[in-house]
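Here are my notes on the model you sent round. They are set out as numbered points, to be read with the structure open.

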Amino acid sequence: MSIGHQTLHLIDPFLFIRLLYIAGQYDNTSNAVVCVFIAVGVIKNSSSRAQQTLINDMTDSWQECMNHCVDVTKQAGKIVREALEKDIAVMEKSSPTDLVTETDQRVEKLIISAIREKYPTHCFIGEESVAAGAPSVLSDGPTWIIDPIDGTTNFVHRFPFVSVSIGFTVNKEVEFGIVYSCMEDKMYTARRGKGAFCNGLPIKVSGQEDITKSLVLTEMGLKKDPEHFKTVMDNIQKILNVPVHGVRCPGSAAVNMCLVACGAADAYYHQGIYCWDMAGGAALVTEAGGVIVDITGGPFDLMSRRLIVASSPRVAQRIAQELTVFPCGRDDAPCSH
Ligand SMILES: [Mg+2]
């Protein structure tokens, strides 16, 4: 709505009179006629542009949600940054390596209450809410998928890749994604069909097509199941043997996806992550011109707990070809958490 009004304000109500006056200075009827035509053209053009902007704005109702999301993410990021200056009390979730802090829980509560206040009918899937027993089911309705701190182990150690990640879906499709890398002070934003940005500047993937010239990201996790652990390690070895330029494990899935989106890395693959790790970054990668596929190379499924993102389809498929797949369940499977 606001864009429409702004455009209407751009029309100078005195333009028409001023043009007639200028024509009068020349005391020339044909000049006056030309000026009247120009004036009418300018006003007509501006009006139809204003009308079009108004229509676009009304059909683009999710933009307002995205603007609100950026504000909320900034507040959340501020809390995370302040918490890094203080002592961090660490608690364990499912295992001694699955960590959570008071800040994870506090930030998620803040995000959900700030969004629910404005959009009371919307749905939420939040990492800490799900850990506390909330369902993790993706409906067709507007849904906010939230990771209050992606990279909690990094946060605890002050290792510099810690992010707040929020993805917004409608009809199970990601409409926009916001990832704020707190220690780097980088705000990544992407809206479907409107590009990807870091701190307001456009970003794009490297476009690399040659796997042997690629820098590949993944995460090792610390798998409780020895067979899974062996598969994770074997997969890393296979990728290194392709060969590639290198493999890195930065420790935040959302940041990893942003690193691919801005061309600092060429690919990222992971099995065993969750929808809140992927939703925000998914928008970044696709809007930056990258691809996102299932670990098998097939279509990406947000609730499948696995993905490959890459700078090009060729690199994505080459990685899929190397990887051994292991079962890691689904986000929306009953009792999966
Ligand atoms: Mg988290």
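**Notes on the predicted model**

1. The model is a predicted one. Seven strands form an open sheet with mixed pairing, in the order β3-β4-β5-β6-β7-β8-β9. At its edges are β3 (123-126) and β9 (201-202), each of which pairs on one side only. Helix α5 (residues 102-118) packs on this sheet and touches β3, β4 (143-150) and β5 (163-170). The direction of α5 makes about 155° with that of β4.

2. Within that sheet, β6 (residues 173-181) and β7 (residues 186-191) are antiparallel and share 6 bridges. One register point to check against the display is Gly177, whose bridge partner in β7 is Ala190.

3. A second open sheet has 5 strands in the order β11-β10-β12-β14-β13, again with mixed pairing. Its edges are β11 (246-248) and β13; each has a single partner strand, so one side of each lacks a neighbour in the sheet. Neighbouring strands here are turned against each other by 20° on average, direction ignored.

4. The pairings in the 5-stranded sheet are as follows. Strand β10 (residues 215-217) runs parallel to β12, with 2 bridges between them, and Val216 has Ala267 of β12 as its bridge partner. β12 and β14 are antiparallel and are joined by 5 bridges; Tyr268 stands opposite Val309 in β14. β13 also pairs with β14 in the antiparallel sense, over 3 bridges, and Val293 stands opposite Ile308 in β14.

5. Is β14 enclosed or open to its surroundings? It is largely enclosed by the rest of the structure, because 5 of its 5 residues are buried. In a regular strand the side chains alternate between the two faces of the sheet. Accordingly, the two faces of β14 can be listed separately: Arg306, Ile308 and Ala310 are buried on one side, and Leu307 and Val309 are buried on the other.

6. Helix α9 (residues 253-261) has contacts with both sheets. It lies across β4, β5, β6, β7 and β8 (196-198) of the 7-stranded sheet, at about 100° to β6. On the 5-stranded sheet, α9 touches β10, β12 and β14, and its direction makes about 155° with that of β12.

7. How do α9 and α10 pack? Two packed helices are described by the angle between their axes and the distance between the axes. For α9 and helix α10 (residues 275-287) the angle is about 5° and the axes are 8 Å apart. Angles under 35 degrees count as roughly parallel, and α9 and α10 are therefore roughly parallel to each other. The residues that meet are Ala253, Ala254, Met257, Cys258, Val260 and Ala261 from α9, with Asp277, Met278, Gly280, Gly281, Leu284 and Val285 from α10. By class, the residues of this contact are 9 nonpolar, 2 polar and 1 charged.

8. Helix α11 (residues 313-322) has Val315, Ala316, Arg318 and Ile319 as its buried residues. Seen down the axis of α11, these fall within an arc of 165°, so they line one face of the helix. Their cover includes α8 (226-241), β12 (267-271), β13 (291-293) and β14 (306-310). α11 packs on the 5-stranded sheet, touching β12, β13 and β14, with its direction at about 140° to that of β14.

9. Three backbone points deserve a look in the display. Most residues other than glycine have a negative phi, and most peptide bonds are trans. The bond joining Val242 and Pro243 is cis, with omega about 5°; Pro243 lies in the loop between α8 and β11. Arg158, in the loop between α7 (152-157) and β5, has a positive phi near 60°. Asn171, in the loop between β5 and β6, has a positive phi of about 55°.

10. Are Arg158 and Asn171 buried or exposed? Arg158 counts as exposed because it has 11 C-beta neighbours inside 10 Å. Asn171 is exposed too, with 11 other C-beta atoms within 10 Å.

11. For the chain as a whole, the secondary structure comes to 11 helices and 14 strands. Buried residues make up 39% of its 337 residues. Of the contacts with a separation of 6 or more, 66% are between residues 24 or more positions apart.

Note on methods. Residues numbered from 1 in each chain as written. Predicted model: local features only at pLDDT ≥ 70, side-chain atom pairs only at ≥ 80, totals over all residues. Pairing = 2+ DSSP bridges. Helix = DSSP H or I, 4+ residues; strand = E, 2+ residues; numbered from the N terminus. Contact = placed C-beta atoms within 7 Å. Axes fitted to C-alpha atoms, helices over the stretch in contact; angles between N-to-C directions. Parallel < 35°, antiparallel > 145°, perpendicular 65-115°, else oblique. Nonpolar A, V, L, I, M, F, W, Y, C, P; charged D, E, K, R; others polar. Buried ≥ 20, exposed ≤ 12 C-beta atoms within 10 Å, placed from the backbone. Arc of directions from axis to C-beta.
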